[in-house]
Amino acid sequence: MQLSPNFSLAELTVTGRNMRNVPGDAEIANLRALAANILQPLRDAIDRPITVTSGFRSPKVNAAVGGAATSQHLRGEAADIRVEGMTPLQVAQTIVDLGLPFDQVINEFDSWVHVSFGPRHRREKKKAIKRAGKTVYLPNTLTGK
C-alpha cells in the first residue's frame, strides 16, 4: 500500500527483528499523515531518496529495540530517517527550514533523524547524545532560520 508517491506502508513498518509489526487502522492513518506532511515534502524538496530505518513499531518491537513506553513510533506518528549525502544535522535543519509541520525533530547521536507529526505540534528541536551511558536530549540545537 502506498502512503504517498515515494513512501509505502511496508517501508514504514520494516523491522530488523523477527517479530510481527502490523499497524491497525489508526496507526496507518497516522503513517499516511506523517508521509503526506513531512516525509514526502522533504523528499520532494531535497530530490533525494530518504531511508526509513524505523517507522511504526508494535509494542513488542518497541520493547525489543529499547524504545520509550510513550514512543510516537507506537502510534505511527514518527520515523527515524537517513539521507545519503547529508548529515543528520543537515536533514534536521532542512526539515525546520522548510517550515514542515513537525511535532519533534531530533538529531539522534549524529546518526539519524527522528521526525514526528502528531496532534501535539510541539515544534521541538533537539539533539540526543549519550552521557554516562544514558540518553540526554539537548533542546533547541538547530538554528531554525
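Select G99 first: in this predicted model, the residue follows helix α3 and has a positive phi, near 75°.

Next, step back along the chain and select helix α3 itself, residues 88–97. Seven of the ten residues of this helix are buried, so α3 is largely enclosed by the rest of the structure. To display the buried set, pick P88, V91, A92, Q93, T94, I95 and V96; burial here means under 20% relative accessible area.

What covers these buried residues of α3? Colour α1 (25–46) and β4 (78–82), which are among the covering elements. Then add β5 (104–108), β6 (112–116) and β7 (124–131), which also belong to the cover.

Now show the whole chain as a cartoon. Three helices and eight strands make up the secondary structure of the protein. Traced from the N terminus, the order of elements is β-β-α-β-α-β-α-β-β-β-β.

With the C-alpha trace displayed, the protein spans about 40 × 40 × 30 Å along its principal axes. The radius of gyration is 14 Å, which agrees with the value near 15 Å that a compact globule of 145 residues would have. Among contacts with a separation of 6 or more, 54% join residues 24 or more positions apart.

Switch to a surface representation. The protein exposes about 7,500 Å², of which carbon and sulfur atoms supply 52%. Of its 145 residues, 45% count as buried.

Finally, select the charged side chains. There are 19 positive and 13 negative charges, and the mean positions of the two groups lie 7 Å apart.

Technical notes: Residues numbered from 1 in each chain as written. Predicted model: local features only at pLDDT ≥ 70, side-chain atom pairs only at ≥ 80, totals over all residues. Heavy atoms only, no water. Helix = DSSP H or I, 4+ residues; strand = E, 2+ residues; numbered from the N terminus. Rg over C-alpha atoms; globule rule 2.2 N^0.38 Å. Buried < 20%, exposed > 50% of the residue type's maximum accessible area, 1.4 Å probe, protein only. Contact = heavy atoms within 4.5 Å. Areas by Shrake-Rupley, 256 points an atom, 1.4 Å probe, with all protein chains shown as cover. Lys, Arg positive; Asp, Glu negative; His and termini not counted. Charge placed at Lys NZ, Arg CZ, Asp CG, Glu CD.
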